[in-house]
Amino acid sequence: MTENEVAKVVVDAAYKVHTGLGTGLLETVYEVVLARELQKRGLKVSRQVPVKIIYDGVTFDEGFRIDVLAHDLVVVELKSIETVLPVHKKQLLTYLRLANKRLGLLINFGSARIKDGISRVANGLEE
């Protein structure tokens, strides 16, 4: 599967989760349920994946954690907030660079309509 194919599965699964659970829950709830939904659809899913950071010649074992890594291709950053800010998209782009991934999805389950809460962030991937 390509990044774009995986992303389509993730978006569809996020829609189903949002429809089933609604808004107002903690990110961790959406994370565990979305991971299950993706597994049911045949994707390999990893949660809370640590990513090492190298700074000034020193490797730090845990720079940050990826909320959900779908099929080893797409970084999924989850939020459950009222409004996504530009800094959240910049943060995801930094995660993509540091994890050497080309596509990320920022999914805000706090949005009234899930389609308004999904942002695609690319790192060198053709649109």
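A nonpolar patch of about 440 Å² lies on the surface of this predicted model. Six side chains make the patch: L21, L25, L26, V29, V32 and V33. Helix α2, residues 27–40, supplies the largest share, with three residues. V29 is found in this helix. Its relative accessible area is 30%, so V29 ranks as partly exposed.

Charged pairs come next. The count of salt bridges is nine. Three of them appear in this table, among them two made by R41.

| Salt bridge | Closest N and O atoms |
|---|---|
| E3 and R102 | 2.9 Å |
| R41 and D12 | 2.3 Å |
| R41 and E37 | 3.1 Å |

Take E3 and R102, whose closest N and O atoms are 2.9 Å apart. This pair links distant parts of the chain, 99 residues apart. E3 sits in helix α1 (residues 3–21), while R102 is in the loop between α3 (86–99) and β4 (103–108). Is E3 buried or exposed? E3 is buried, because its relative accessible area is 11%, under the 20% limit. R102 is partly exposed at 38%.

Now R41. It forms a salt bridge with D12. R41 lies in the loop between α2 and β1 (45–55) and D12 in helix α1, so the bridge ties together parts 29 residues apart in sequence. Both ends are partly exposed: R41 has a relative accessible area of 31%, and D12 has 41%.

R41 also forms a salt bridge with E37. E37 is buried, with a relative accessible area of 9%. Shared partners join D12, K16, E37, K40 and R41 into one network of salt bridges.

Terms used. Residues are numbered from 1 along each chain as its sequence is written. This is a predicted model: local features need pLDDT of at least 70, side-chain atom pairs count only at pLDDT 80 or more; totals for chains, interfaces and linings use all residues. Side-chain values use heavy atoms; hydrogens and water are left out. Patches are made of residues with over 30% relative accessible area and no salt bridge: like charges are joined within 9 Å, nonpolar side chains (Val, Leu, Ile, Met, Phe, Trp, Tyr) within 5 Å. Accessible areas come from the Shrake-Rupley method with a 1.4 Å probe; for residues, only the protein chains shown count as cover. A salt bridge is a side-chain nitrogen of Lys or Arg within 4 Å of a carboxyl oxygen of Asp or Glu. Helices (H or I, at least four residues) and strands (E, at least two) are DSSP runs, numbered from the N terminus. Buried means under 20% relative accessible area, exposed over 50%, partly exposed in between (1.4 Å probe, protein chains only).
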